[in-house]
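Student: I have a structure open in front of me and I would like to learn how to read it. Could we begin with one residue and work outwards?

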Amino acid sequence: MAHHMKTFETGAALAAGLADAVASALSGAIANKGAATLAVSGGSTPKAFFEALSTRILDWTKVKVTLVDERFVPEDNPRSNHLLVKTHLLKNEASAAEFVPLYRPEATIEEAAKTASGIVPGMTEPFDVAILGMGTDGHTASFFPGGDHLDAALDLSQPRRVMTMEAPGAGEARLTLSFSALHDADLLVVHIEGAEKKAVLDKALAGTDEKDMPIRAVLERARTTPDIYWAP
Ligand SMILES: O=C1O[C@H](COP(=O)(O)O)[C@@H](O)[C@H](O)[C@H]1O
């Protein structure tokens, strides 16, 4: 499976290195076409990276930020990925960025997904940067093993869109970008930390069943070769 492995000695070094790479990619996109798009993941892993990226100097007024996936909960819920991004990324230099949330206060999650599909960046052309995480169950974005819409979410013939996902391991119902909206980002990163996640990655790399470990779709079929950022 094609990928570029980028290993760092510490989480702090990884956060700085990834922030530099993302800032450079965003600046390049702004120089080339006047604007840039960034999709980021939630969870516990990205906090230090977000803090580092928030200090990088670039024209953040030209950057649209959205989420790779989100729980169907409002922004003030402690489990909201929007809250995480607001707390750790949308500050310092990056406070000038425009954030476009996946969550919409619609009556149903299906309506929220439809509304978000018409608003969030990355639905008409590839993201400049997409940062994926990975759970210890091998999920990425909200592509969970056993997810009710997993097949459609991983189907690259499907349009770029925001989808709904429910799965036994997901907790709340989820909103997620489709794989078709993520796989061709100009810079595609999988950010993982710790020995446990490295073992999960090694297991994913050793097999092919995407339903068992959906991260394999990224490792095997993404048009952009992913950079895997890892620190112990
Ligand atoms: O549920 C989620 O988990 C993954 C991984 O999170 P972590 O806490 O293990 O870093 C994350 O990539 C995803 O965005 C999030 O919704």
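Tutor: Happily! Let's start with A25, which is found in helix α1. Keep in mind that this is a predicted model.

Student: Is A25 buried or exposed?

Tutor: To decide, we count the other C-beta atoms around a residue; 20 or more within 10 Å makes it buried. A25 has 20 other C-beta atoms within 10 Å, so A25 is buried.

Student: Which residues does A25 touch, leaving out those up to four places away in sequence?

Tutor: A25 touches D128, V129, D186 and L187. You can also compare distance along the chain with distance in space: A25 and I228 are 203 residues apart in sequence, and their C-alpha atoms are 16 Å apart.

Student: Helix α1 also holds A31. Is A31 buried or exposed?

Tutor: A31 has 12 other C-beta atoms within 10 Å, so A31 is exposed. For another pair to find on your screen, take A31 and A96: they lie 65 residues apart along the chain, and 17 Å separates their C-alpha atoms.

Student: What should I look for when people speak of a core?

Tutor: In soluble globular proteins, nonpolar side chains tend to be buried together. Here the largest nonpolar core has 75 residues, and L26, A39, V129 and A130 have the most contacts inside it. Helix α1, residues 11-33, gives the largest share of this core, with 8 residues.

Student: What does L26 touch, again without residues up to four places away in sequence?

Tutor: L26 touches A36, L38, L58, V63, D128 and V129. Notice that D128 and V129 were also on the list for A25.

Student: Now the sheet, please. How do I read the way strands are arranged?

Tutor: Strands of a sheet pair through backbone hydrogen bonds, either parallel or antiparallel. In this model 7 strands form an open sheet with parallel pairing, in the order β1-β10-β9-β6-β2-β3-β5.

Student: Which strands stand at the edges?

Tutor: They are β1 (4-7) and β5 (98-99). Each has a single partner strand, so one side of each is left without a neighbour in the sheet.

Student: Which strand does β1 pair with?

Tutor: β1 runs parallel to β10, and 4 bridges join them. To see the match residue by residue, find H4, which stands opposite D227 in β10.

Student: How many bridges link β9 and β10?

Tutor: Strand β9 (residues 187-193) pairs with strand β10 (residues 227-231) over 5 bridges, in the parallel sense. Two places to look are H191, whose bridge partner in β10 is Y229, and I192, which stands opposite W230. On the β6 side, strand β6 (residues 129-132) is joined to β9 by 4 bridges, also in parallel. There, I131 stands opposite V189.

Student: How many residues of β9 are buried?

Tutor: The count is 7 of the 7 residues, so β9 is largely enclosed by the rest of the structure. Both of its faces are covered: L187, V189, H191 and E193 are buried on one side, and L188, V190 and I192 on the other.

Student: What can a backbone angle such as phi tell me?

Tutor: Most residues other than glycine have a negative phi, and most peptide bonds are trans. N92 has a positive phi of about 50° although it is not a glycine. You will find N92 in the loop between α3 (81-88) and β5. N92 has 15 C-beta neighbours inside 10 Å, so it counts as partly exposed.

Student: Where is A141, which has a positive phi near 45°, placed in the chain?

Tutor: A141 sits in the loop between β6 and α5 (150-153). Its 32 C-beta neighbours inside 10 Å are why A141 counts as buried.

Student: Which residues surround the ligand?

Tutor: They are S41, G42, G43, S44, T45, V68, D69, N81, G133 and G135. Sorted by class, this shell has 1 nonpolar, 8 polar and 1 charged residues.

Student: What does the UniProt record place at residues 11-222?

Tutor: The unreviewed UniProt entry gives "domain: Glucosamine/galactosamine-6-phosphate isomerase" for that stretch. In the model, residues 11-222 are 34% helix and 16% strand, with the end C-alpha atoms 26 Å apart.

How values were computed. Residues numbered from 1 in each chain as written. Predicted model: local features only at pLDDT ≥ 70, side-chain atom pairs only at ≥ 80, totals over all residues. Near = placed C-beta within 6 Å. Nonpolar A, V, L, I, M, F, W, Y, C, P; charged D, E, K, R; others polar. UniProt positions renumbered as here; feature names shortened; annotations may be inferred. Pairing = 2+ DSSP bridges. Core = buried A, V, L, I, M, F, W, Y, C linked by C-beta atoms within 7 Å. Contact = placed C-beta atoms within 7 Å.
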